[in-house]
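User: Hi! Could you help me look over the cysteines in this one?
Analyst: Happy to, let's go through them together.
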Amino acid sequence: MSDKNKANSGNFEPRIVAFFCNWCTYTAADLAGTARMTYAPNARVVRVMCSGRLDPQFILMALREGADGVLIGGCHPGDCHYQEGNYKTLRRFTLLKRLLQDMGIENERVRMEWIAASEGDRVQKVMNEMTEQLKKLGPLHLEPVPIDTVHKKVEESVAQAEGVKI
Amino acid sequence: MSKPKVGFYWCAACGGCEEAVVDLNEDILKVVAAVDILFWPVALDFKREDVEKLNDRELAVCFINGAIRSSEQFEMVELLRKKSGLLIAFGSCSHLGGIPGLANLFNREAILANSYKEVFSVENPQGIYPQQSCQVPEGTVTLPALWNTVKALDQVIDVDYYLPGCPPPVELIKDAVAAILGGKLPAKGTVLAPDKALCEVCPRKESKPEKPQLREFKRPHELVIDTEKCLLAQGLLCLGSATRSGCGSACVNGNMPCTGCMGPTSRVLDYGAKALSAIASLVGSNDEKEIAAILGKIADPTGTFYRYSLPASLLHRTYNSGQGGN
């Protein structure tokens, strides 16, 4: 059964890598936990000191290494512990979104949210929403490709090309 | 003592790299005096059979420029790899995929349809596309297969060193040749160029603001460019901050912003993402709508930031739903 079919039959569990800022969103996730709010367990949370620490390379790497989606959580504008880290995130994300679109990666797969330390319910809502959206979208087929398998892929693509009317 | 044997080959490239070798001017005579050129199809009449007849590793060094996008190019570089001691990726296209690598924004079918059907100057009512093999009275004629994905050289064969640039600057070629002939080579996999960003050595460095606040982006034809001032501060999308130096600041000296042909420094995994990060961070606004408007002036972010490096990027190519992203 292909991944696509799996997605349709509802068995597909998306993998989300969530980068949460230490001061706001991570604390909010903590709060959601202590308040026993339940939400979809699909995200692997990575705590970063500031969403501004998020190099766009991390996001591409997460997708490359098998994530179906990436969630970025930072402080509300004006609330950044480092004054303007989240503004940098906003600027980078605005441009990165266009690049991802060009590359055929759906907008819903990479999401940025401002979640304050007190908004545990918002973490719950966003996690559930994103998981549902990704379930609908299905898996992202970006498997990591080690160099030694490239030869095989090349042979395959040559074989595929044979007899194809181009 | 016999002279070291050398080969040059080109794959998907524009010919500029071959030009750069010729640009060694009189120094090329020194090179020719020091080595035996056994294979250089663009300049000398050697054939594939001549290479096949060589012993394994008989070529001391082989320079390959151009990206790999067809079965023929792949077969040739595989053959040359077998016959060469050192194999050097020469120029942006073999180093990172280069301009031909932008074809990875499309798939094979779209590229062929565009070239053989949709372009307004093409008249092809029967929709005849190039065939891999075709029967003619004299027998069967064949063409190489065009791949769906353009690849950088090290994505198909093992590469020893890289000479970056579009084309590699003459000084770097000279240094590389001298290092090879003198046997003074760095660790395998090294990019044979300085490992500093261009901004560091830019002649306009002094005029770069401490904290550039970019309020708008302009294309070079939209303004009269100040010949002394930092290009980024003038609103031009100069990628010097994310790009390796070693080019002698040729573009910047020519009053044009850096477009990133030397690729990233050794600390960077994905050139485009890093360059995008550097430029976007400098936008001088905190308002979501305003930021979008300012960045909206960058017409083609993917083509701009991955101009020379799409195949070597983390994503490699566009992801087509259900087809995989490789």
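Analyst: What follows is a short chat about the disulfide and some of the cysteines in this predicted model.

User: Great. How many disulfides turn up over all chains?
Analyst: A search of the whole structure gives 1 disulfide.

User: Which cysteines does the disulfide join?
Analyst: The bond runs between A:Cys24 and A:Cys75, with an S to S distance of 2.5 Å. The two partners sit in distant parts of the chain, 51 residues apart. A:Cys24 lies in the loop between strand S1 (16-21) and helix H2 (25-34) of chain A, while A:Cys75 lies in the loop between strand S3 (69-74) and helix H4 (85-102) of chain A.

User: And what handedness does the link of A:Cys24 and A:Cys75 have?
Analyst: Right-handed, with 100° about the S-S bond.

User: Is A:Cys75 buried or exposed?
Analyst: A:Cys75 is buried, at a relative accessible area of 3%. Its partner A:Cys24 is buried too, with 10%.

User: Switching topic: why is there no bond from A:Cys50 to A:Cys80?
Analyst: Because the two sulfurs are 4.1 Å apart, which is too far for a bond; the cut-off is within 2.5 Å. A:Cys80 holds the closest cysteine sulfur to that of A:Cys50. As for accessibility, A:Cys50 counts as buried, at 8%.

User: What about chain B, where is the closest cysteine sulfur to B:Cys230?
Analyst: That one is in B:Cys199, 6.4 Å away, so the distance is too far for a bond. B:Cys230 is buried as well, with a relative accessible area of 10%.

User: Lovely, thanks!

Notes. Residues are numbered from 1 along each chain as its sequence is written. Chains are lettered from A and ligands numbered from 1 in the order in which they are written. This is a predicted model: local features need pLDDT of at least 70, side-chain atom pairs count only at pLDDT 80 or more; totals for chains, interfaces and linings use all residues. Side-chain values use heavy atoms; hydrogens and water are left out. Helices (H or I, at least four residues) and strands (E, at least two) are DSSP runs, numbered from the N terminus. Buried means under 20% relative accessible area, exposed over 50%, partly exposed in between (1.4 Å probe, protein chains only).
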